[in-house]
Amino acid sequence: MRTASQLTRDCGYVTKLSQLRPRSAYVQSTADEGTRFGKLVQEWLEGREPEAPSALDEPWSWFEYMRQVWTAPPGIQCEVPLGLSWDGNFVEVTEPNPHIYIPAMGSDPSILATAGRADITAPIRAMTVEGLVDAVLVADLKRSAWKYSPPDRHPQLMALGCAFASKIGVEYMVLGLYGAKDGTWEQSDPVRVDDLLPAVLEMCALPENEPRPGPWCAGCYERRNCPAAEGTP
Ligand code: SF4
C-alpha cells in the first residue's frame, strides 16, 4: 500500500524511484526545516506556547508570520491519522512505526487503499451551489507550496480529504495548502467527495513496481532515472 503522501497520478513507479534515490544533505535539511515548522504550528494550534529558539531561525520566523496572518477554524486538529478503504470509506488506523499504517481493531490490512496523516483537519461550513453545507477542511503544511498542484489536484490532500469527509459523514471538502517559506495559503472551492474519490482510488491502485510510460512522462521528476522514459514525449 502506498501512503497518501506517496500517491502519484498516472504512474506509481515514480514512488519507487523516489525511494531509491538517496536524499542529498540539502534536501534533508530542507525537509527537517519543514518538519520543525509543522511541529511549531501543531503546538500553537493545540494551545501550547512553543518555545522560541535562542538563535531565531527560519522555521521560527515562518511560524511567527503564520500565526499573525492565519486564523484557525474552531475544532481544528493536527496530525490526524486517516485510512481510506477500497470502497471509499474511512478506516481508523494506527501507526506502529513511522509511515506504516495498519487498521485499528485488527481488521484485514488489505482493506486499506491508502492511509496517512493530515496536518490540519476541521469541520467547517462551506458555501456551495446547494447553499451552505457541512464540510471538512483538510490542509497540508509545506515548506514551499509553489511546486505542488492546486489543492484539489494534490493526490495526498485528495485522499486524506475523502477519508476525513467519510469519517465525519459529509459530502463536501475544502482542501488547503500552506506554504511556510512564502507565507501563502491556497484553498480549493468546496468539492464533492464523490467527484474526487474515483481518481483517488485509481491512484491507489497504480502498481508501484512497474513503469507505466505515457504522455505524463514529460512532466515526471524521476524521468532521468527511469529506464522506461526513453522514447516517451
Ligand atoms: S518517466 Fe514515466 S514511466 Fe518512468 S517513472 Fe516517470 S511517469 Fe513513470
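Biologist: How do you know that the span of helix 4 agrees with its 14 residues?

Modeller: In this predicted model, 1.5 Å a residue gives an expected span of 20 Å for the 14 residues of helix 4, and its end C-alpha atoms are 20 Å apart, so the two agree.

Biologist: What makes helix 4 largely enclosed by the rest of the structure?

Modeller: A residue is buried if 20 or more other C-beta atoms lie within 10 Å of its own. In helix 4, 12 of the 14 residues are buried, so the helix counts as largely enclosed. Among them are Pro155, Leu160 and Ser166.

Biologist: What covers the buried residues of helix 4?

Modeller: The cover includes strand 1, strand 2 (90-91), strand 5, strand 6, strand 7 and helix 5.

Biologist: Which residues of the largest nonpolar core touch the most other members?

Modeller: They are Val138, Ala159, Leu160, Cys162 and Met173, out of 46 residues in that core. Helix 4 gives the largest share of this core, eight residues.

Biologist: Which residues does Val138 touch, not counting those up to four places away in sequence?

Modeller: Its contacts include Leu157, Leu160, Phe164 and Met173.

Biologist: Which residues does the second, separate core include?

Modeller: Cys11, Tyr13, Val14 and Cys217 are included in this core of five residues.

Biologist: Which residues are closest to the ligand?

Modeller: Of the 15 residues that surround the ligand, the closest are Cys11, Pro211, Cys217, Cys220 and Cys226. By class, the shell has 12 nonpolar, no polar and three charged residues. Cys and Pro count as nonpolar, so the five closest residues belong to that class.

Note on methods: Residues numbered from 1 in each chain as written. Predicted model: local features only at pLDDT ≥ 70, side-chain atom pairs only at ≥ 80, totals over all residues. Near = placed C-beta within 6 Å. Core = buried A, V, L, I, M, F, W, Y, C linked by C-beta atoms within 7 Å. Buried ≥ 20, exposed ≤ 12 C-beta atoms within 10 Å, placed from the backbone. Helix = DSSP H or I, 4+ residues; strand = E, 2+ residues; numbered from the N terminus. Contact = placed C-beta atoms within 7 Å. Expected span 1.5 Å × (residues − 1).
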